Each structure stands twice: as C-alpha cells, then as structure tokens.
Amino acid sequence: LYILTALLAIIALILLLLNLFQSDVEYKADQFESEHLSIYFELEKEAGVPWYYLAAVDLAERVEPEEISKERSGAIALHLTGIEDIVQLPSMLATYNDDKAFIRRVKKEIKALAGLHAIYDDKVFPLAANAEYSYEDGYGDARTYGGERSHEGVDLMTEMDVPILSVCDGVIEKVGWNDLGGYRLGIRGKDQVYYYYAHMSRYEGRPEEGDNVKKGQIIGYVGDTGYGPEGTTGQFLPHLHFGMYYGKHKKLTPFNPYPFLKAWEN
C-alpha cells in the first residue's frame, strides 16, 4: 500500500510539472494550416467572436485537422456571440460543454495563442487603400531563380508605383538591394515578427537601418526590381512580395502571410 501511494504521488507530481510546463507554451503561425487560420479569422469578422476563442476550443478538444471547418467553428460561435471578456467564457460555453476541466483547457489554449493574437491584431493592409490589386495563396510555390527554392511569401499584383504601407509599428532592420528582392525593406514589428517588402520601384524618403516606422506609413512604391544585379527591372510584372518571418537574420523562418493579409483587408 505504501509503495502504491508513493507511485501515485510521483505520478501526480509529474502531471503537475507537465501542466506547468505546457502553460508556458506559445503557439506559432507555422503550427497551423493556413486554411484553418483563415476560417477562424473570417468568423471573427462575420460572427463578431474573437478568433482565438474558436481556435482554443478546437485545441482543447484536440480536434483532428480534417475535422476543422467553418461549419463546426460557426456552430461554436453561436454559443459565444457577444462575448467581451474571458471571464464570461465559463457561463457562455456552458451551453456547449459545461465540463470544468474542458473550460480550464480552453483558457489555457487562449493564453498559448497570445503571440498569434499579437500578430493578427492592430495591423493594416500593406497597399494603399485606393489600390486595385489581386493575390492568391502562392506561399510554398516552386521558384527557380537563384536555385531551386520555395516561395516564402505572397505576391500582391498591382500597378507600378502604388504606395506600400508598413503593416505595423516597427524598426527597419534591412534596406537596400537584394538580388532576389530588388529594392527591399525588412521591418521588425513589436510582435517580433520580421516583415519583408520586396521589388519596390523606389523608397519613400531615405530609410536607414534603425529607423522607426509607424503603422500605415508609406515606406516605398510597388515596382518590378530584382532577379539580377542592382538596377535590374522587367523580369516580372509589378507587384509587392510580402513575407513574414520568425527569428533573426540567417536564422529566419518563414510562415504563410496569406490568412493574415485576408484578415487585414478592409
């Protein structure tokens, strides 16, 4: 009996430690399918329920990726319509699932989504409001210039010299010519994401590394520069290549900007 009690105490301690460790976990964008993020973001616009509540429910229920859908999340959103604060969560989710352990898991997942929420929140679309443009989810498509590689961003097709806006407050980390990106600009946001703008025809003013930029500030103009030595143009149609990365230079890890761009429109 003594041995059994000791074993149960050890197991309880291990579970407690695991729980404490997991509470510090923070999700990153590349841990989600872009179409799933798009579902959550779209429903926030349509149903008025913060997207991270919906994502947290799926995570708490350990839903299989193929089961995540707009219909499923839309049905959950009905239980959370009008929610304004996390303190309302238990009472509002009670009509969906009144299990206290489930509610605790949802709250834990909401906390773990804070980093993604910081990326999603308080941003603007990177092209001037009156611009006509088109884009699709081309992240990961094959590219051959400079060697076999995959596309690390999304191309926003538009007219030459359309103003490009900084999507957030931040600090310029890279400026100048890049053989792949032409005249490009790299800005570190307060959310610690590195935002990459490429193929500009020219910059706005004389940007330098270390300069602060504001959300919505014009930083340059759409062009067709790149794919060659400095000054190369005309290798493709004018567009803004927009990328988002975790990490620091030489260790940058891209993730798909497409669902965020869709969320920042309008």
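Asp-161 counts as partly exposed because its relative accessibility is 33%; that label covers the range between buried (under 20% relative accessible area) and exposed (over 50%), using a 1.4 Å probe and protein chains only. You'll find Asp-161 in the loop between strand E3 (154–157) and strand E4 (163–165). Helices (H or I, at least four residues) and strands (E, at least two) are DSSP runs, numbered from the N terminus. This is a predicted model, where local features need pLDDT of at least 70, side-chain atom pairs count only at pLDDT 80 or more, and totals for chains, interfaces and linings use all residues. Residues are numbered from 1 along each chain as its sequence is written, and side-chain values use heavy atoms, with hydrogens and water left out.

Now for some backbone angles. Most residues other than glycine have a negative phi. Asp-161 has a positive one, near 70°. Gln-192 also has a positive phi, near 70°, and Arg-62, which follows helix H3, has one near 50°.

Here are three loop residues side by side.

| Residue | Loop between | Relative accessibility |
|---|---|---|
| Asp-161 | E3 and E4 | 33%, partly exposed |
| Gln-192 | E6 and E7 (194–203) | 46%, partly exposed |
| Asp-98 | H5 (89–93) and H6 (100–112) | 56%, exposed |

Asp-98 has one more thing to show you: Ala-118 is 20 residues away from Asp-98 in sequence, and the two sit 29 Å apart in space, C-alpha to C-alpha.

Next, look at the helix H3 (residues 51–60). How many of its 10 residues are buried? Nine are, so H3 is mostly covered. Among them are Trp-51, Tyr-52, Tyr-53 and Leu-54. The cover over these buried residues includes helix H2 (34–47), helix H4 (70–79), H5, H6 and helix H7 (114–120).

That leads to the nonpolar core. In soluble globular proteins, nonpolar side chains tend to be buried together. A nonpolar core here is a set of buried Ala, Val, Leu, Ile, Met, Phe, Trp, Tyr and Cys residues joined through side-chain atoms within 4.5 Å. The largest one has 66 residues, and Leu-80, Leu-116, Tyr-195, Tyr-197, Phe-242 and Phe-260 touch the most other members. H3 gives the most to this core, with eight residues. Leaving out residues up to four places away in sequence, Phe-242 touches a list of residues including Pro-126, Val-167, Tyr-195, Tyr-197 and Trp-264, where a contact means heavy atoms within 4.5 Å.

On to the strands. Two strands pair if DSSP finds at least two bridges between them. Strand E5 (residues 170–178) runs antiparallel to strand E6 (residues 182–189), with eight bridges joining them, and a hairpin of three residues connects E5 to E6. E5 is also joined to strand E8 (residues 212–213) by two bridges, again antiparallel. Which residues stand opposite Val-171? In E6 the partner is Arg-188, and in E8 it is Asn-212.

Finally, zoom out. The chain holds eight helices and 11 strands, and its C-alpha trace spans about 80 × 40 × 35 Å along the principal axes. Of its 266 residues, 45% count as buried. Among contacts between residues at least 6 apart in sequence, 64% join residues at least 24 apart.
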